[in-house]
Amino acid sequence: MVTNTSLKTGAPSPPRHIAIIMDGNGRWAKARGLPRVAGHQRGVDALRGVVEAGQELGIDYLTLYAFSSENWKRPPTEVDDLMGLLRLYLRRELRELHRNGVRIRFIGEWRRLALDIVKLIEDAEQTTAGNMGLTLVIAVNYGSHSEIVEASRRIAAAVIDGSLTLDEINETTFAGYLYTVGIPNPDLVIRTSGEQRLSNFLLWQACYAELVFMDLLWPDFTKQSLEQAVDEFHRRERRYGATSG
Ligand code: IPE
Ligand code: IPE
Ligand code: MG
């Protein structure tokens, strides 16, 4: 007998992994006649509440899209501002996150960033590696296309050197070559600012994620906003290609 009501009704189980495209910092600043960097600063301020809300909601993984592989197209001064804020965030928040049992992981080509940022990232990952609470995944210099191409390249190299056979390449082994190895696929992807696109974010991993697009701008995102998105997630029926249960 099926006792789990979520199985009976088709209502989803609580999200284990929420991923967020934090968008709208520039528009938030523009609406106030402020420089774009002011929006990014307020965007960083919004992070603390969201991480806390994720912990309170009992989710296991929270992934935040902080800088895409295409964001290098922005003016150099804005790129510098964003990198400066990443530095500041890691310096300012690491201790508190560690104290709260948060495990930090980075995905993307972060090793190509400035050396001091690479060191801060390595330190954050190593310091928190043994923590058992929420896993906070930060996507920096991340793009799904380059992630998938890089995985393919490494798989080809493994076949050439004989450590992998063609028959061993399947969806599970392929996923093991992505930056997200060991991280379950997101159940829910949220994008703020009203834009309705993925912008090269988790294209492989979000194959069956529920997408929730919210009109508010990222600096205005609060704990309640996360709860609203999760409520919306609970109203969805996940079918994974099957018929309604
Ligand atoms: C999101 O806000 C932050 C990053 C992409 C780094 P934006 O800077 O994209 O803000 P809008 O979209 O211009 O309003
Ligand atoms: C996506 O936002 C990237 C991040 C939130 C880090 P963008 O603002 O860069 O995306 P587009 O350009 O509107 O698609
Ligand atoms: Mg944007």
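How many Å separate an oxygen atom of ligand 1 from an N or O atom in the side chain of R36? In this structure, which is a predicted model, the distance between that ligand oxygen and the side-chain atom of R36 is 2.9 Å. The report starts from this contact and goes on to the surroundings of the two ligands and to the pockets.

**Ligand 1 and its shell**

Ligand 1 has 13 residues around it, and those that come nearest are D23, G26, R27, R36 and R74. Two of these residues, besides R36, also make contacts that can be given as distances. G26 takes part through its backbone, where a polar atom is 2.9 Å from an oxygen atom of ligand 1, while R74 takes part through its side chain, where a polar atom lies 2.7 Å from an oxygen atom of the ligand. Taken alone, ligand 1 exposes 380 Å², and the protein buries 86% of that area.

The helices α2, α3 and α4 are the elements that give two or more residues to the shell around ligand 1, and the one that gives the most is α2, with 3 residues. When the residues of this shell are sorted by class, they divide into 3 nonpolar, 5 polar and 5 charged.

**Ligand 2 and its shell**

The residues around ligand 2 are I21, M22, D23, Y65, A66, F67, N71, R74, R191, R197 and S199. Strand β2, which covers residues 61-68, gives the most to this shell, with 3 residues. By class, the shell of ligand 2 holds 5 nonpolar, 2 polar and 4 charged residues.

Side chains of three residues in this shell offer polar atoms to oxygen atoms of ligand 2. For N71, an N or O atom of the side chain is 2.9 Å from a ligand oxygen; for R197, a polar side-chain atom lies 2.8 Å from one; and for R191, the corresponding distance is 3.3 Å. Ligand 2 taken alone exposes 390 Å², of which the protein buries 78%.

The polar contacts described for the two ligands are set side by side below.

| Ligand | Residue and part | Distance to a ligand oxygen atom |
|---|---|---|
| ligand 1 | G26, backbone | 2.9 Å |
| ligand 1 | R36, side chain | 2.9 Å |
| ligand 1 | R74, side chain | 2.7 Å |
| ligand 2 | N71, side chain | 2.9 Å |
| ligand 2 | R191, side chain | 3.3 Å |
| ligand 2 | R197, side chain | 2.8 Å |

**The largest pocket**

Which space does ligand 1 take? Ligand 1 takes the largest pocket, and the space taken by ligand 2 is the largest pocket as well. This pocket has a volume of about 680 Å³. Its lining consists of 31 residues, of which M22, Y65, A66, F67 and N71 lie nearest the centre of the pocket. The elements that give two or more residues to this lining are α2 (25-31), α3 (36-57), β2, α4 (76-99) and β4 (135-142). By class, the lining of the largest pocket is made up of 16 nonpolar, 8 polar and 7 charged residues.

**The second largest pocket**

The second largest pocket holds about 320 Å³ of space. It is lined by 16 residues, and those nearest its centre are G108, E109, W110, R154 and Y179. Two elements, β3 (103-107) and α6 (144-160), give two or more residues to this lining, and α6 gives the most, with 4 residues. Sorted by class, the lining of the second largest pocket contains 8 nonpolar, 2 polar and 6 charged residues.

Key: Residues are numbered from 1 along each chain as its sequence is written. Chains are lettered from A and ligands numbered from 1 in the order in which they are written. This is a predicted model: local features need pLDDT of at least 70, side-chain atom pairs count only at pLDDT 80 or more; totals for chains, interfaces and linings use all residues. Side-chain values use heavy atoms; hydrogens and water are left out. A residue is near a molecule or strand if one of its heavy atoms lies within 4 Å of it. A polar contact is a pair of N or O atoms within 3.5 Å; within protein, one must be able to donate a hydrogen and the other to accept it, and residues adjacent in sequence count only if both atoms are side-chain atoms. Accessible areas come from the Shrake-Rupley method with a 1.4 Å probe; for residues, only the protein chains shown count as cover. On a 1 Å grid over the protein atoms alone, a cavity is a set of points where a 1.4 Å probe fits but cannot get out, and a pocket is an open set with protein on both sides within 12 Å along at least five of seven lines; lining residues have an atom within 4 Å of a point. A molecule sits in a cavity or pocket if more than half of its atoms lie within 2 Å of its grid points. Ala, Val, Leu, Ile, Met, Phe, Trp, Tyr, Cys and Pro count as nonpolar, Asp, Glu, Lys and Arg as charged, and the others, Gly among them, as polar. Grid points are joined across faces, edges and corners, and a volume is the space filled by probe spheres set on the points.
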